[in-house]
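Biologist: I'm new to this one, so could you walk me through it? Let's put it up and go from there.

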Amino acid sequence: MVAPCSGGEQKLLQQQRDSERRKRRLEKLRRIQLDHQNRLIVIACIGDMETVVVEDGTEPQDKPEQQQRGRKKPKRLLLYTVVTFVVLGMIGRMVNVVFGVMYTSGNESSTEGLLYPIESETRELKKLDGMWNFVRSDSNNPSQGIREKWYTDDLARFRRTIGMPVPSSYNDVTEDATLRDHVGTVWYDRKFFVPKAWSTSGDRVFIRFGSVHYDAIVWINGVQVVKHEIGHLPFEAEVTNVLKYGAENRITVLCDNVLLQVTIPQGKVENQAIDNGVELVQSYTFDFFNYAGIHRSVVLYTVPQVHIKDVVIHTGYEGEKGYVDYQVTTSTNETENLQLRVKLYDRNGTLVGTDEAESKLQGTVGIPEVKLWWPYLMDPEPGYLYTMEITMGKANEPVLDVYRMKVGIRTLEWNNTSFLINGKPIYFRGFGRHEDSDIRGKGLDLALLTKDFNLLKWVGANAYRTSHYPYSEESMQFADEHGIMIIDECPSVDTENYSQILLQKHKSSIEQLIHRDRNHPSVVMWSIANEPRTGKMESDAYFAAVAQYTKQLDPTRPITAAIAVTVSQDYAGQHLDIISFNRYNAWYANSGKLNMITNRVIEEAQAWNKKYNKLILMSEYGADTQEGLHTLPAYIWSEDYQTRVFSQHFKAFDALRKQHFFIGEFVWNFADFKTAQTYTRVGGNKKGIFTRNRQPKAAAYLLRQRYHALGELGKSYLPKDLFLYTAPETDQEADGCDKTEL
């Protein structure tokens, strides 16, 4: 018989039990944190660690020798990787402490292929968009699906699945807050058939994703075919030998949304105690929601055995004659017997230029009476595009491959006083934007895309920045067609904690972006970062390396970055061609003070120009506005206040335009968008001139009057409804007296 414990003893035992529970909870937190810290290492090694299996459990005999070699020593490879990561991390930390940040170059990756998928006489495609099966992993066990090999069978055999539309973000599709705020991995799969004819044609088959955010691994029939890091950019892999032709196939996708200090963009994960345990919490400093999922189309497409792999063009004109220089890369190095026939067709389908090339697969197509690509409101026919048809074959043999793409012919020049398109100075009238909408998040939506471009033209804009990541390839095509200039931004936002690993990821994101978008006439500038912490001394060497690499990839376009630090603090502007600055006078600074805008904007723009002697544009300004809120006199958060903020900025811009170094104004933002939950955001960021469902606020009408009035075509092209009728003109007004020009 055990004697009952006294009150003091019971209290002591309870304290011991509580202490043990805290220790176990702390240990669990450490395990979860370590799991996520090593997540990038583990995923990078998966392709080499996992044994490749097919449905019958045997290894395929036709896999590349390199993959066979890669499977021989998985444990040793994992050990080497982890040890190397730890050692390099320790060395890097010591170097930073002793010598400051030092960056190396020369081991950058290079993208190949990835032409936008099309159908032609020699190519077929099958979209895999639609409803997929979806499983959310446990946040405290993100690699469970890898360990249990969920990719070897239907997901439904491992977990209960729900339906998930592709493309879309997964966060807002259900009513589940844990899915909306999920941190970690999710899984998708679906079944599909491949035509039997594809197996007899001898063609090669590729799987292509427009974007998966942030990390992705893809399996087909249990075989890993590709892994990719960095969202908002396309990736693909050949899957010819893993498909079942004339039969059912299964595709499985792992998606991980975790952002760390070595991802682009950066973030942090922390384990925090909740009422019934612990929870992994993702934090980031950027002001938009970290939507995740399969955001753009998934396409299965065929190409011939010998096919056109890549095309690079450069355009120009002399007098009335235009030209397109082209360089074609093929899937074979044996090009001696290959021939190219290149044709250009105008908008009406009329043949206007031809060229032929052999072996080197490069040449020039001339157009006698060229129609140039012009921005919106700079020409009656903006966004003029030709169709370029490339036919590859061999002498006296059937055609091997045919590829078609749109081409706009224009020139681009800049100096410290002018930005010129086709030899004429341009003034940017634009926006910062987001790929964001209700329910679908960042998922591609062609109806929304069409509406957005209609609104851009309605308001009279001629440009926007792809803040703060690459937008869809379809949106780039829309910009080409509508004559909307693009400042194309990589996904580096709020960059800080500079490191060699981060630099390599940063360079990779820029390389992939330039590779994808270099042929678009609408792309007139590369933005290498948004609001990086350029007040830190180490940002100097870091952005020197990023800028040099970007110019190396494409010297034909200027580079910029949207800077938020003050002129005196900045170290990065010296490495840019054009200075873009973000400043929220009368909002974040001097809130409510409408009389503290105009002079401050003028003085800051002048200071940037004086320091660097470069072109300047204002890449962000604005004020949050609750739709329907009106106050007289204007008061912060009201629609009236937003219009007054704009008007005060307009005065500054017009004064700066006369000084010949100021080249553009970009409102933040085109439309309201979702952000992380915080007490400073009521349903998201409300700085849009349009609501999230694309309805105008009062400032939209004011901005429309300004942007159209600044259009280069003049008053004869002003929309008839730009100014509503109020009263008949007086004789004095009819004579042109007392009129105010914007």
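Biologist: Which residues lie nearest the centre of the largest cavity?

Modeller: Keep in mind that this is a predicted model. The search of the whole structure turned up 6 cavities of 30 Å³ or more, and the largest holds about 150 Å³ of space. Its lining is made of 17 residues, and those nearest the centre are E435, G443, D445, L448 and L449.

Biologist: Which helix gives the largest share of that cavity's lining?

Modeller: By class, the lining of the largest cavity splits into 4 nonpolar, 6 polar and 7 charged residues. As for where they come from, the largest share is 3 residues, and they belong to the helix spanning 446-459, α8.

Biologist: Let's move on to helix packing. At what angle do α12 and α13 pack?

Modeller: Helix α12 covers residues 598-612 and helix α13 covers 639-657. Their crossing is right-handed. The axes run 8 Å apart, and the angle is about 35°.

Biologist: And how many nonpolar residues are in the contact of α12 with α13?

Modeller: On the α12 side you'll find T598, V601, I602, A605 and Q606. From α13 come Q648, H649, K651, A652, F653, A655 and L656. Sorted by class, that contact has 1 charged residue and 4 polar ones, while the nonpolar count is 7.

Biologist: Where are the cis peptide bonds, starting with the one that has Y214 in it?

Modeller: Y214 sits in the loop between β6 (212-213) and β7 (215-220). The cis bond there has an omega of about 5° and joins H213 and Y214.

Biologist: Which residue does the cis bond from I264 lead to?

Modeller: Look in the loop between β10 (248-256) and β11 (268-274), where the residue in question is placed. Omega of this bond is near 5°, and the bond runs from I264 to P265.

Biologist: What is phi of N396 near?

Modeller: N396 belongs to the loop that links β20 (386-394) and β21 (401-407). This residue isn't glycine, yet its phi is positive, near 60°.

Biologist: Last one: over which residues, with 61 contacts beyond four places in sequence, does pLDDT stay under 50?

Modeller: The chain averages a pLDDT of 88, and 85% of the residues score at least 70. Residues 31-38 fall below 50, with 17 contacts in the model beyond near neighbours in sequence. Where pLDDT is low, the predicted coordinates shouldn't be read in detail. The stretch you asked about, with its 61 contacts and pLDDT under 50, is residues 40-100.

Note on methods
Residues are numbered from 1 along each chain as its sequence is written. This is a predicted model: local features need pLDDT of at least 70, side-chain atom pairs count only at pLDDT 80 or more; totals for chains, interfaces and linings use all residues. Side-chain values use heavy atoms; hydrogens and water are left out. On a 1 Å grid over the protein atoms alone, a cavity is a set of points where a 1.4 Å probe fits but cannot get out, and a pocket is an open set with protein on both sides within 12 Å along at least five of seven lines; lining residues have an atom within 4 Å of a point. Grid points are joined across faces, edges and corners, and a volume is the space filled by probe spheres set on the points. Helices (H or I, at least four residues) and strands (E, at least two) are DSSP runs, numbered from the N terminus. Ala, Val, Leu, Ile, Met, Phe, Trp, Tyr, Cys and Pro count as nonpolar, Asp, Glu, Lys and Arg as charged, and the others, Gly among them, as polar. Axes are lines fitted to C-alpha atoms, for helices over the stretch in contact, and angles run from 0 to 180 degrees between N-to-C directions. A crossing is left-handed if the near helix is turned anticlockwise from the far one by less than a right angle, and right-handed if clockwise. Contact means heavy atoms within 4.5 Å. pLDDT is the predictor's confidence in each residue, from 0 to 100.
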